[in-house]
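Trainee: Please show me the model, and then I will ask about its parts.

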Amino acid sequence: MSDVVIEASNLCVKVRSRKILNNVSFSAKEGEVIALLGGNGAGKSTTVKTFLGLMKPSSGEAKLIGQNIHTSSELVREKVAYLPESVMLYGHLTAFENIRYFLSLSGRPKSDDAIASSLKRVALQESAWHTKFDRYSKGMRQKTAIALALLRDAPILFLDEPTSGLDPVAIDEFNRLISQLSAQGSTILMVTHDVYGACHVANNIGLLRDGQIVGMFEAPEEGYIDSEVVHEAFIRDARL
Ligand SMILES: Nc1ncnc2c1ncn2[C@@H]1O[C@H](COP(=O)(O)OP(=O)(O)OP(=O)(O)O)[C@@H](O)[C@H]1O
């Protein structure tokens with residue numbers, strides 16, 4: 001059995017007659033991070049929406065664990081935790097209460113001990129666990145959402161612009177958390193504008209322009225993808 005967990009194969013998406021994704025192919029094996037980089041309008045969010053089943057490909061396939069998500073209706077709900085750019089949980093509830101509520105809503109309640117250990121795992125400071133969510137910073141909101149994702153036992157994470165609007169310390173913490181999760185077996189698709197962050201967490205980076213992959217960068221066996229090289233390609237590409 002193949003250990004490819006996330007796979008786009010010649011994915012094309014049309015809106016009316018316009019192709020907004022054109023033959024996009026990439027893959028991530030279990031425990032890998034694939035990052036899609038690209039300027040505004042490149043097709044990053046469309047890719048994520050297609051993998052969530054919100055947009056339908058005109059041809060090609062979006063597959064998770066070897067199955068086409070558009071023909072296996074329960075796949076995304078069972079296997080994926082999605083972090084949108086702005087995490088929306090209930091502002092009048094605390095992180096603890098939000099997590100407890102959303103787990104019971106999904107029919108998978110967990111003990112308070114399990115919730116506490118997940119909040120510890122994402123390093124949300126304990127003093128904030130019982131503070132109302134609408135007083136949280138963006139970084140704290142993301143940590144809460146990731147703690148919830150971990151408790152749902154979702155093996156696949158989709159992250160949409162996860163570090164936009166975070167300060168450098170929060171970005172660093174976030175990137176460490178992503179590396180830790182992938183080391184523990186989570187397979188992650190992230191779309192981002194952050195070249196440096198992507199190079200630090202990704203096994204592969206796909207550079208998107210006008211709905212097409214125009215560059216693919218792979219991390220060496222040891223170490224990171226060279227951010228200078230990717231930055232150069234990103235800038236050069238944006239000028240074309
Ligand atoms: N529902 C839609 N109807 C028409 N055009 C769309 C639709 N969704 C996306 N597009 C177009 O497809 C292209 C890709 O959009 P997409 O949102 O995927 O880009 P992006 O890379 O996520 O950009 P950004 O970094 O600005 O979020 C854009 O030109 C956008 O205008």
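The questions below deal with a sheet, a ligand shell and a helix pair.

Mentor: This is a predicted model, in which local features need pLDDT of at least 70 and side-chain atom pairs count only at pLDDT 80 or more, while totals for chains, interfaces and linings use all residues. Residues are numbered from 1 along each chain as its sequence is written.

Trainee: In what order do the four strands of the open sheet lie?

Mentor: Strands are DSSP runs (E, at least two residues; helices are H or I, at least four), numbered from the N terminus. Two strands pair if DSSP finds at least two bridges between them. E1, residues 4-15, and E2 share eight bridges in the antiparallel sense. The edges, pairing on one side only, are E2 (18-29) and E5 (67-68), and the order is E2-E1-E4-E5.

Trainee: Which element gives the most residues to the shell around the ligand?

Mentor: A residue counts as near the ligand if its C-beta atom, placed from the backbone, lies within 6 Å. The surrounding residues include Val15, Ile20, Lys44, Ser45 and Thr46. With three residues, the element that gives the most is H1.

Trainee: At what angle do H3 and H5 pack?

Mentor: Axes are lines fitted to C-alpha atoms, for helices over the stretch in contact (C-beta atoms, placed from the backbone, within 7 Å). Angles run from 0 to 180 degrees between N-to-C directions. The axes of H3 (residues 95-105) and H5 (residues 138-151) are 10 Å apart. Their packing angle is about 35°.
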